[in-house]
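This report takes up aromatic contacts first and strand pairing second, following the model shown below.

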Amino acid sequence: MPRPLWSGAISFGLVTIPVKLMSATEDRSVRFHQVHTEDLGRVRVRKYCEAEDREVSAAEIGKGYEISKDTLVAVTDEELEQMPLPTAKAIEIVAFVPAASIDPVRLSGDSYFLQYDGQVAAKPYALIARALARNTKVAVAKLAWHGRERLVLLRVRDGALVAHVLKWDDEVRDPSELAPKETKVTDSEIDEALQLVDSMTTDDISGYQDEYRKALEAVLEAKAEGRQPPKPTEEAEEPGGKVVDLMAALQESVRNAQAARGEDAGGAEVHEMPKERAARKPAKKTPVKKTAKKTATAKKSARRQRGA
């Protein structure tokens, strides 16, 4: 485990649980340096003071808040640490809510493990962890950290408490204007979409990998060894630009998903779009359509005769 990033206590009613906070995830992205393309010399960012027109060291840099265009107020780290916040050294649980009530859009992406700090904290830590594990609720708490108060969600994973940072209500934008207006979707299309959902449902997503990172690492390895980078095996077809029969696309997707899982695709039917519809041309009376109409009428007559 990495070193603790914060130490304090979970405040659970009158129960106090000393804990340490450490990152639950790690960034495995490939990172690049900025270089001068002429000679690959490193390009670095230097910090200059506008008033004195000189480079300053990290020890000379502090925080300032802009009250107006030409007015700044200096704020020291000591002043921030001494603010009268009850959550300055505590993760204060304020409520328990159903896990399903938390909108995933509020999850900021920052997740942390909480480790109990000392043997005295082991029993109350295990108590709240097991209490959460026995129901479908999660704890919502407040934590002051890195110059701001944060809202966090506490849940249990393999017996350990995990904290997920949440966005505040006013940090989530209203998406209602993005929803399609007056778009008609039939019950048959919804049923087909639900069938596609069922055919793609799984209980385990641990097998997915970052294919982009693997391909990038292969390119970097080849360049480091003086070889030509691997070339793509096939060009991906760009999406969009085609008129699609939605029902046919759903049915084909269901067949592909079932085939990928080794299941029988069943009798899923795929209907090709009429060319006139695909091209979005107005219907015209043509000899072809008349022939098709006569053929359809003849088929209906034949069925009636067989039925007789």
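In this predicted model, a search of the whole structure finds three aromatic pairs. One of them is formed by Tyr112 and Trp145, whose rings meet edge-to-face, with 5.2 Å from centre to centre and 80° between the planes. The pair links distant parts of the chain, since Tyr112 belongs to strand β8 (residues 107–116) and Trp145 to strand β9 (residues 137–145), with the two residues 33 apart in numbering. Tyr112 is buried, because its relative accessible area of 13% lies under the 20% cut-off, and Trp145 is likewise counted as buried because its value is 9%.

The strand pairing described here centres on β1 (residues 6–12), which is joined to β2 (residues 15–23) in an antiparallel arrangement and to β7 (residues 90–98) in a parallel one. The table sets out these two pairings.

| Strands | Direction | Bridges |
|---|---|---|
| β1 (residues 6–12) and β2 (residues 15–23) | antiparallel | seven bridges |
| β1 (residues 6–12) and β7 (residues 90–98) | parallel | three bridges |

Within the antiparallel pairing of β1 and β2, Trp6 stands opposite Leu21 of β2. The hairpin that these strands form has two residues between them, and in this hairpin Gly13 adopts a positive phi near 65°. Turning to the parallel pairing of β1 and β7, Ile10 has Ile91 of β7 as its bridge partner.

As background for reading such pairings, side chains in a regular strand alternate between the two faces of the sheet.

Notes: Residues numbered from 1 in each chain as written. Predicted model: local features only at pLDDT ≥ 70, side-chain atom pairs only at ≥ 80, totals over all residues. Heavy atoms only, no water. Phe/Tyr/Trp six-rings, centres within 6.5 Å; stacked < 30°, edge-to-face > 60°. Helix = DSSP H or I, 4+ residues; strand = E, 2+ residues; numbered from the N terminus. Buried < 20%, exposed > 50% of the residue type's maximum accessible area, 1.4 Å probe, protein only. Pairing = 2+ DSSP bridges.
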